[in-house]
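Please open the structure in your viewer and keep the sequence panel beside it. The tour moves from the whole chain to a single residue.

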Amino acid sequence: ELGIVIRAIYTRADGPWKNPTPGERRFVPKDKFPFVSDITIYGTKISIATLQGKLMGVIIDSKEMADTFTLLFELAWLGADSMQTQ
C-alpha cells in the first residue's frame, strides 16, 4: 500500500519459510550464520536491535552510513544467492 519493498536475508532453525509474506528473501543456514541481531536500512536510517538476551537497539540517521550498510547488504545478498535451495 505504501510501496515499501522488502528484501531480507534471514536464518531460521526450522529452515526456510514455506509461505513468506510479500517481498524478496534469501535464507542462510542458521548453523553457519547464527544471527542474534537485526539490521534494518530505510532511507538515511539504520536500525540495529538485539533479538536475544537483553533487548536493546539504536537508530542511526546518517546518509553516509546508510549508503555503506546498503552496499554491505548488496554484497551479502549476492553471497546468500549461492545458498538458495528453493
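What follows is a series of selections, each with a description of what is there.

**Before selecting**

This is a predicted model, in which local features need pLDDT of at least 70 and side-chain atom pairs count only at pLDDT 80 or more, while totals for chains, interfaces and linings use all residues. Residues are numbered from 1 along each chain as its sequence is written, and side-chain values use heavy atoms, with hydrogens and water left out.

**Select the whole protein**

With the protein shown as a cartoon, one helix and five strands can be followed, in the order β-β-β-β-β-α from the N terminus on; helices (H or I, at least four residues) and strands (E, at least two) are DSSP runs, numbered from the N terminus. The C-alpha trace spans about 35 × 35 × 25 Å along its principal axes. Of the 86 residues, 17% count as buried, a term that stands for under 20% relative accessible area with a 1.4 Å probe and protein chains only.

Switch to a surface next: the protein exposes about 6,700 Å², of which carbon and sulfur atoms supply 60%, the areas coming from the Shrake-Rupley method with a 1.4 Å probe. Colouring by charge brings out 10 positive and 10 negative side chains, and the centres of the two sets lie 6 Å apart; Lys and Arg count as positive and Asp and Glu as negative, without His and the chain ends, and each charge is placed at NZ of Lys, CZ of Arg, CG of Asp or CD of Glu.

**Select residues 37-42, 45-50 and 57-61**

Strands S3, S4 and S5 form an open sheet in the order S3-S4-S5 with antiparallel pairing, where two strands pair if DSSP finds at least two bridges between them. Strand S3 (37-42) and strand S5 (57-61) stand at the edges with a single partner strand each, so one side of each is left without a neighbour in the sheet. The twist averages 10° from one strand to the next, and five bridges join S4 (residues 45-50) to S5.

**Add residues 63-81**

Helix H1 packs on the sheet and touches S3, S4 and S5, its direction making about 115° with that of S3. Contact here means heavy atoms within 4.5 Å, and the angles, which run from 0 to 180 degrees, are taken between N-to-C directions of lines fitted to C-alpha atoms, for helices over the stretch in contact.

**Finish at serine 47**

Is serine 47, in strand S4, buried or exposed? Serine 47 is buried, with a relative accessible area of 18%. The bridge partner of serine 47 in S5 is isoleucine 59. Leaving aside residues up to four places away in sequence, serine 47 touches Asp38, Ile39, Thr40, Tyr42, Val58 and Ile59.

Key: Buried < 20%, exposed > 50% of the residue type's maximum accessible area, 1.4 Å probe, protein only.
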